[in-house]
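Student: Could we go through this structure together? I keep meeting terms and would like to see what stands behind them.

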Amino acid sequence: MNRIKQLFQEKKNILSIYYTAGYPNTGDTLQIAEALEKSGADMLEIGFPYSDPVADGPVIQASSKQSLDQGMTLKLLFEQLKDLRKKVSIPVLLMGYVNPVLQFGVEKFCEACAEVGVDGCIVPDLPMVEYEEFYKDCFEKHHLSNVFLITPQTAEERIHKIDGLTNGFIYLLSSSATTGKNLEVGDTTEAYFSRIKNLNLKNPTMIGFGISDKQTFDKACSYANGAIIGTAFVKAIADGNLKESVSTFTKKFKA
Amino acid sequence: MKYKVNEKGYYGDFGGAYIPEMLYPNVEELRQNYLKIIDDADFQKEFHQLLKDYVGRPSPLYLAKRYSERYGANIFLKREDLNHTGAHKINNTIGQILLAEKLGKKRIIAETGAGQHGVATATVCALRNLECVIYMGEVDIERQAPNVARMKMLGAKVVPASSGSKTLKDATNEAMRDWINNPVDTHYIIGSVVGPHPYPDMVAIFQSIISEETKKQLSEQTGSDQPDYVLACVGGGSNAMGMFYHFMDNENVKLIAVEAAGKGVSSGFSAATTYLGKEGVLHGSRSILMQTPDGQVVEPHSVSAGLDYPGIGPQHAHLFKTGRGQYVSITDEESLDAGLLCTQLEGIIPAIESAHALAYLEKMEFKGGENVVVCLSGRGDKDLDTYIKYFNL
């Protein structure tokens with residue numbers, strides 16, 4: 001069975017961690033994945049860096065730039081992930097912008113994902129209509145889940161359409177914002193989370209953007225199947241002392 | 001209408017709206033409303049009134065006698081440099097500010113490179129009393145100090161873009177981020193025919209006044225509204241699209257788009273997108289852009305800040321790919337020399353952007369008597385420092 005599906009069937013309060021491939025050092029990608037699984041992360045989102053990441057805030061943008069400056073490419077990422085499934089058993093998604101995928105070749109990208117054992121993708125600037133028309137068949141052929149984002153402004157009809165088009169989970173943005181803003185769960189956010197919960201979507205949901213500590217994580221988990229942490233983790237591993245920083249970070253959420 | 005946008009927001013293989021979900025409601029609101037608003041009679045009346053009384057339109061179509069003698073053809077200059085704020089950019093900002101008002105927006109954001117679009121945006125925000133935030137690369141803020149001062153005088157807040165290369169591309173990224181974080185009350189005035197659909201179409205419609213007037217003026221002056229050639233410079237491509245718009249479907253009119261070769265197309269310091277670029281996605285649309293084999297956007301170079309952009313609008317990509325438009329390039333030096341030539345022959349100091357289009361005249365061969373229209377998109381006041389340094393004035 002698909003690793004993502006299995007995870008959501010077996011677990012609640014899922015902790016998914018995003019990090020930028022090739023950061024802080026080019027060779028760190030697989031090592032971080034292993035360390036995250038060991039210290040209790042349930043799912044991974046590995047970001048392939050892009051020069052113009054408009055949906056991201058300063059922290060992830062800076063990590064992307066550093067990674068690119070150090071020579072990271074999508075091709076190199078797939079080489080680094082060659083032994084992924086010998087070392088990591090939790091679901092892994094790749095997250096990044098559409099242009100590097102286009103240049104790599106969509107078909108080739110899907111093939112490479114399947115080959116190394118990647119379970120799904122999140123491509124924020126790939127529109128739903130384009131996905132449906134040009135990408136869906138290829139993704140499905142290689143058993144890749146494509147995860148869409150929804151925001152407090154996403155209309156209900158569109159949410160149902162997204163729910164019908166995806167088969168992994170739905171990425172629920174806590175607010176309409178770039179990454180790295182702090183989650184402030186006020187009445188409107190709670191109302192939005194409840195509204196989505198009550199739609200009874202066929203896909204599980206994960207809340208992301210602004211989750212940085214145990215308190216915001218727990219809050220998010222009360223409305224969704226789990227939460228995604230990106231910026232806070234990228235900050236935490238900046239100094240390069242991975243052995244310690246990864247497990248210290250993850251354990252905060254698993255206490 | 002072969003070259004216009006289709007109902008899916010595409011020009012052939014190019015266009016679309018490659019945007020994160022956070023921008024979808026904003027862009028969708030625009031898409032559903034822009035044509036309805038623009039076609040409304042009251043909107044048209046107010047738009048044209050402002051173009052006339054505030055911008056100073058119609059801009060003259062001037063038969064440049066000494067140029068014509070030099071090249072053996074009738075060289076007409078479409079004088080967008082005489083518009084209020086000194087360039088064609090204001091045609092678009094007037095249109096978009098009126099549209100933003102109709103959508104009930106309270107806050108305006110924009111990106112700017114050289115500062116011309118920033119000034120044109122700050123100007124209309126002052127005119128309509130709307131809050132204005134301009135994103136500008138840190139590097140550009142330093143090299144375009146007078147325009148920064150103008151924007152501030154006009155009441156705009158100028159926010160430095162300190163990410164990436166700190167120029168136009170990064171200012172655009174920052175403006176998009178602002179829009180993501182302010183989804184309800186803010187309108188983003190994109191300054192060129194780039195961005196997600198419907199921006200390229202909307203900006204082209206507002207700039208199409210250039211060719212609309214040209215046809216009429218040419219007809220009055222020559223008896224025919226059909227020139228043999230129209231020329232314009234292309235960064236993102238808004239003045240060129242305005243100049244081409246009403247001639248696109250008439251295949252007898254040759255469209256020549258002049259890109260910035262920078263220090264030479266093979267020098268590594270160039271902005272000649274169609275020559276150096278490949279198909280891909282930048283700033284929300286599928287087009288042609290300069291990029292690495294891995295799909296990372298490459299930093300362009302041009303002496304002219306307005307042409308210093310790594311992509312072109314999707315409609316230009318379509319005109320290029322279909323062969324309807326001829327895309328050529330001019331180096332920094334050739335453009336500066338052409339700027340001086342224009343000044344000395346016609347008494348007009350052109351913007352270095354526009355000087356790229358003029359420079360291509362030197363490379364054309366005329367049989368004699370052809371009617372040629374060059375879009376003189378802006379005036380050169382802002383470029384005096386560059387001219388002074390280059391010519392040791």
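Tutor: Sure, let's start with a side-chain pair: B:Arg57 and B:Glu213 make a polar contact through their side chains, at 2.9 Å. Keep in mind that this is a predicted model, where local features need pLDDT of at least 70, side-chain atom pairs count only at pLDDT 80 or more, and totals for chains, interfaces and linings use all residues. Residues are numbered from 1 along each chain as its sequence is written, chains are lettered from A and ligands numbered from 1 in the order in which they are written, and side-chain values use heavy atoms, with hydrogens and water left out.

Student: What makes the pair B:Arg57 and B:Glu213 a polar contact?

Tutor: A polar contact is a pair of N or O atoms within 3.5 Å; within protein, one must be able to donate a hydrogen and the other to accept it, and residues adjacent in sequence count only if both atoms are side-chain atoms. The 2.9 Å between B:Arg57 and B:Glu213 is within 3.5 Å, so the distance fits. The side chain of B:Arg57 also makes a polar contact with that of B:Asn91, at 2.8 Å.

Student: How do you know whether B:Arg57 is buried or exposed?

Tutor: Buried means under 20% relative accessible area, exposed over 50%, and partly exposed in between (1.4 Å probe, protein chains only). B:Arg57 has 5%, so it counts as buried. You'll find B:Arg57 in the loop between helix H2 (41–55) and strand S3 (61–63) of chain B; helices (H or I, at least four residues) and strands (E, at least two) are DSSP runs, numbered from the N terminus.

Student: And what about B:Tyr34: buried or exposed?

Tutor: B:Tyr34 has a relative accessible area of 3%, so it is buried too. B:Tyr34 sits in helix H1 (residues 24–39) of chain B, and its side chain makes a polar contact with the side chain of B:Asp201 at 2.5 Å. Not counting residues up to four places away in sequence, B:Tyr34 touches residues including B:Val5, B:Leu99 and B:His197, where contact means heavy atoms within 4.5 Å.

Student: Why is the link between A:Lys75 and A:Glu79 called a salt bridge?

Tutor: A salt bridge is a side-chain nitrogen of Lys or Arg within 4 Å of a carboxyl oxygen of Asp or Glu. Here the N to O distance is 3.9 Å, so the pair A:Lys75 and A:Glu79 qualifies. Both lie in helix H4 (residues 74–80) of chain A, 4 residues apart, about one turn of the helix.

Student: What makes A:Lys75 exposed, and what is A:Glu79 called?

Tutor: A:Lys75 is exposed because its relative accessible area is 54%. A:Glu79 has 46%, so it is partly exposed.

Student: How many salt bridges are there between chain A and chain B?

Tutor: The count is 3. One salt bridge joins B:Lys169 and A:Asp52, at 2.9 Å from N to O. Those two are linked with B:Asp170 and B:Glu299 in a network of salt bridges.

Student: How many residues of each chain are in contact?

Tutor: 37 residues of chain A are in contact with 35 residues of chain B. The two chains bury about 2,800 Å² between them; buried area is the accessible area (1.4 Å probe) that two parts lose on being put together, summed over both.

Student: How do you know how confident the predictor is about chain B?

Tutor: Look at pLDDT, the predictor's confidence in each residue, from 0 to 100. Chain B averages 96, and 100% of the residues score at least 70.
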